[in-house]
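Visitor: I would like to learn how to read a few features of a protein model. Please take them one at a time.

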Amino acid sequence: MNGSYSLSGEESQGGARLKESFKFVSEKSTPPSPTHSDQIQPSCSLSVSQVSYSVSERVGPWWDLPSYRTRWTRKILNDVSFHVDSGQILGILGNSGSGKTTLLDVISGRIGKAGTLLGEVFVNGRKLKPDQFQDCFSYVLQSDNLLSYLTVEETLTFTAQLALRRHSAEAIRKKVGMVMAELSLGHVAHSVIGGRIFPGISGGERRRVSIAGQLLQDPKVILLDEPTTGLDSMTANQIVVLLANLAKRDRIVIVTIHQPRSELFRVFNRIAIMSCGELVFCGQPGEMVDFFSDQGYECPDYCNPFDIYVDFTSVDTRCSEREAATFSRMHDIASAYRTSGIYRRMLGRIEEACQLTDKPSIPFKSKESPSGLSKLGVLFRRTVRNLSRDRMGVLMRLSQNLIYGLFVAFFVMKLDNDITKGAVQDRIGIIYQAMGASPYTGMLNAVALFPALRAISDQESKDGLYHKWQMFLAYILHILPFSIISVFIFTSFLYWTVGMYPEVSRFLCFTGVIMVPHITGELLTLVLMGVVQDPNMVNTGVALLNVAGIMVGSGFLRSNQQMPTVFKMLSYLTFQKYGSELLIVTEFHDLNFTCGTSPGPCIMDNGDDIIEQGYPGALSRYTLDFIMLYAFLPALVLLGVISFKNWDHLTRR
């Protein structure tokens, strides 16, 4: 099998049997030809030189202190080097855990500083600085993070508006049209992306949309992490062929891939095999066939060479004997590759690119990013358009407070002014429920809607399109009209149905107060989501904070005068303190009560007496309480911006 790999297959076409064979000739024996990619001076080259990456991990669980304090170093990448020129597509193969994704993270500059990284990355022979990686590479992740309710054209248009500044609307439209044509997406331009809840475009089309979003900035180097995962064999084949065509348009394409079809063997210009963090082989397909045959590992007829060669270089960990034997085999193959002419020629290409006297400049992506305010406007429009198309979601957001109000109104029915019939207790109960439940509805909105937006912002912020806190602000601007309408519907029904103080100005004050807990619950959830990735933990944290605020600040469970000094001081940090005082004053001020048929005068027949007994001085603090209550909103917005900025900084360390 020296220099060739044959695959016989039969297919019917006019009754004739066709037989095709794959022929490969190594690079060193290829005669000079103007059509050969290696004979044309490439416009761009990527060199990865001696990259190693290791992380330090704790040996045992946190409850076992002796082992938890002990660390061991695990090497994920070990002295990886390769070279790729523009016009070529490099396929990186290897079993799970071989280090393929980590290698792409290193190349794209997304590895952070959690471990120890050695080695260098060169583009056109120029060493990349840490702040240049983001502007040089486009990275398509394994998962497609797309907004479900946008169409393909809208998705790409919004991405272009975030990435391109000095472009008119017509220029952006043409740019999006060109990218869709390049990736064969024109037939689904007006189809929604879809998701788990409702159908949309196919998995292969979603993957092409993700790739199209990266092409809008005209990158010279495109990295793709397992773009065929989850796709059927035919669609996966189409994606790889599409990527090969992209590479032919003067780009460098590097793709990690699992179990490619044998037909793709002739599509890749370079094939790399990784195992245990080492690059076991990297060269042309024909060179790979020759290399493994020379080592005594020939590919049997009618077998997929990808599967066979990956099996030869994988380590079987099912038992210690198999692990030792397969690791020794992998090590022997890797050692043979490092002493081969293929490896020496590759090192020569790296040295040649780095020693050029007249090195081409680094081809950065389009750096015409709009201003921060313009990005905020684009993110706001995109968020509104996406979420407003979820009719059931919009209906639930507007009616969830009303549904809760129905339960309260049905339970209370009608307020009475007779103290003996619970006039005071019922009013305090309604205020307690309104203050205590409103943050929960806001929290549920954030937990249901924001994680999907956060996943997209995580990816797009790493692409340099915007900062995560800008998505946070855009989401806040989007929730304000929903919150105002939802709370107004709730208070309009509850206030007049149960018969609270019949005065329009007091109703508006009641609505204005209830607005803050609802928005605060959502804002507090967003703030915690800036640093905590698990929505369930955020859900629990917000619930506990709300319960603590009600206990300490509301004065319903225990009078503020009877609380210890520590809790009195803590109460000033809760929005429930100011909101409860406002609602008590709004409802009880100048409200007269009766004592039914009981003889003698009422012990407490005026609402002002109740205010002074439970919240002394609240009447004089009414305006101040309103100011303090609404001060929580900008404070939480500022805290959210800080949390998202800090988290973004920590993840890049």
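Guide: What follows goes through helix packing, sheets, backbone angles and cavities. This is a predicted model, in which local features need pLDDT of at least 70, side-chain atom pairs count only at pLDDT 80 or more, and totals for chains, interfaces and linings use all residues. Residues are numbered from 1 along each chain as its sequence is written, and side-chain values use heavy atoms, with hydrogens and water left out.

Visitor: At what angle do helix 15 and helix 16 pack?

Guide: Two packed helices are described by the angle between their axes and the distance between the axes. Here helix 15 (residues 468-498) and helix 16 (residues 504-529) pack at about 140°, with axes 8 Å apart. That makes helix 15 oblique to helix 16. Helices (H or I, at least four residues) and strands (E, at least two) are DSSP runs, numbered from the N terminus. Axes are lines fitted to C-alpha atoms, for helices over the stretch in contact, and angles run from 0 to 180 degrees between N-to-C directions. Angles under 35 degrees count as roughly parallel, over 145 as roughly antiparallel, 65 to 115 as roughly perpendicular and the rest as oblique.

Visitor: Is the crossing of helix 15 and helix 16 left-handed or right-handed?

Guide: The crossing is right-handed (the near helix is turned clockwise from the far one by less than a right angle; anticlockwise would be left-handed). The contact of helix 15 with helix 16 has 19 nonpolar, five polar and two charged residues (Ala, Val, Leu, Ile, Met, Phe, Trp, Tyr, Cys and Pro count as nonpolar, Asp, Glu, Lys and Arg as charged, and the others, Gly among them, as polar).

Visitor: How do helix 19 and helix 20 cross?

Guide: The axes of helix 19 (residues 575-588) and helix 20 (residues 607-614) come within 8 Å and cross at roughly 160°. The two are therefore roughly antiparallel to each other, and the crossing is left-handed.

Visitor: What is the strand order in the open sheet of six strands?

Guide: The order is 10-11-12-7-13-14, with mixed pairing (two strands pair if DSSP finds at least two bridges between them). Strand 10 (137-140) and strand 14 (278-283) stand at the edges with a single partner strand each, so one side of each has no neighbour in the sheet. Strand 13 (residues 270-275) and strand 14 pair in the antiparallel sense over five bridges, and Ser-275 has Glu-278 in strand 14 as its bridge partner.

Visitor: Where is Cys-276 found, and what is its phi?

Guide: Most residues other than glycine have a negative phi, and most peptide bonds are trans. Cys-276 is in the loop between strand 13 and strand 14, and its phi is near 55°, a positive value. Gln-50, in strand 5 (residues 45-58), also has a positive phi, near 50°.

Visitor: How many cavities of 30 Å³ or more are there?

Guide: Rolling a probe the size of a water molecule over the atoms shows where empty space is left. The count is three cavities of 30 Å³ or more, and the largest has a volume of about 230 Å³. On a 1 Å grid over the protein atoms alone, a cavity is a set of points where a 1.4 Å probe fits but cannot get out; lining residues have an atom within 4 Å of a point. Grid points are joined across faces, edges and corners, and a volume is the space filled by probe spheres set on the points.

Visitor: Which residues lie nearest the centre of the largest cavity?

Guide: Of the 18 lining residues, Asn-145, Leu-146, Thr-159, Gln-459 and Glu-460 lie nearest its centre. Helix 6 gives the most to this lining, with four residues.

Notes:
1 Å grid on protein atoms, 1.4 Å probe; cavity = no way out; pocket = protein on both sides within 12 Å on 5 of 7 lines; lining within 4 Å.
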